[in-house]
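Visitor: Please walk me through this model. I will ask about its side chains, helices and backbone.

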Amino acid sequence: MRYVLYNRPGSDGIAEEAAMALAGVECRVESLTSLPNEPLCARIGHHHDWGQVPVLELPDGATLSERSAIMAYLAQQERDFRDRPHWRVPHMAGFLRWCMLLCVNVYKGILRRIYPNRFWVSRDRPGTAADTGSDAVLLQYVSDTTEHRTYKAPLSLQRATGAHAFSLGDQMSACNVIVAMLYA
């Protein structure tokens with residue numbers, strides 16, 4: 001296999017797994033088992049300092065993490081990831097724009113809304129998550145604000161691409177797989 005994708009069942013790495021399968025890019029999936037919120041550092045730490053998946057091992061043995069980086073790399077390196085029947089990246093600039101918007105703004109916003117304590121440190125107890133008192137009020141404010149901003153981002157995509165069947169035109173691309181993963 002040219003690529004190895006490290007992933008965990010139930011993780012958002014399903015987007016890379018599905019995109020590579022739909023594009024016909026050969027990849028072996030290394031399934032790591034753990035519970036949600038359980039660090040994968042022991043199994044993946046040598047590839048990703050935070051112990052997060054997905055991580056893509058490249059043919060030369062180097063590794064790549066972060067969804068937008070993985071998708072951009074594949075779109076640049078793999079012809080089948082850019083151009084196949086029913087699967088196309090017609091304009092790299094548009095692909096990068098929407099891939100980054102979806103991966104950074106929307107996905108991270110969803111995470112902040114669902115798991116706000118991951119992104120907040122207590123003012124009263126440095127080094128701990130906020131969960132009580134004034135921190136809890138601020139945490140709720142951040143969560144609500146994040147929800148508002150997160151759900152505005154896909155409207156940009158819809159306004160820009162609403163005349164097309166898919167996010168980059170008349171054929172599906174990895175951006176559509178990311179949208180499906182975010183929706184699910």
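**Rings, helices and backbone**

Guide: At 67% relative accessibility, His-86 counts as exposed (exposed is over 50% relative accessible area, buried under 20%, partly exposed in between; 1.4 Å probe, protein chains only). This is a predicted model, where local features need pLDDT of at least 70, side-chain atom pairs count only at pLDDT 80 or more, and totals for chains, interfaces and linings use all residues. Residues are numbered from 1 along each chain as its sequence is written, and side-chain values use heavy atoms, with hydrogens and water left out.

Visitor: Where is His-86 placed?
Guide: His-86 has a phi near 70°, a positive value in a residue other than glycine. Most residues other than glycine have a negative phi. The place of His-86 is the loop between β5 (83-84) and β6 (87-88) (strands are DSSP runs of E, at least two residues; helices are runs of H or I, at least four; both are numbered from the N terminus).

Visitor: Is Glu-66 buried or partly exposed?
Guide: Glu-66 sits in the loop between β4 (63-65) and α3 (67-77). Its phi is positive, about 75°, although Glu-66 is not a glycine. Its relative accessibility is 39%, so Glu-66 counts as partly exposed.

Visitor: Which geometry does the aromatic pair of Phe-81 and Trp-87 have?
Guide: A search of the whole structure finds 1 aromatic pair (ring centres of Phe, Tyr or Trp, using the six-membered ring of Trp, within 6.5 Å; planes under 30 degrees apart are stacked, over 60 edge-to-face, the rest tilted). Phe-81 and Trp-87 form it, at 6.0 Å centre to centre and 75° between the planes: edge-to-face.

Visitor: Is Trp-87 buried or exposed?
Guide: Its partner Phe-81 has 0% relative accessibility and counts as buried. Trp-87 has a relative accessible area of 2%, so Trp-87 is buried.

Visitor: How do α5 and α7 run, roughly parallel or roughly antiparallel?
Guide: Helix α5 (residues 92-114) and helix α7 (residues 174-183) have axes 10 Å apart (lines fitted to C-alpha atoms over the stretch in contact). They pack at about 15° (angles run from 0 to 180 degrees between N-to-C directions). That makes α5 and α7 roughly parallel (under 35 degrees; over 145 is roughly antiparallel, 65 to 115 roughly perpendicular, the rest oblique).

Visitor: How far apart in space are Asp-83 and Ala-23?
Guide: Asp-83 lies in strand β5 and is partly exposed, at 30%. Asp-83 and Ala-23 are 60 residues apart in sequence. Their C-alpha to C-alpha distance is 8.3 Å.
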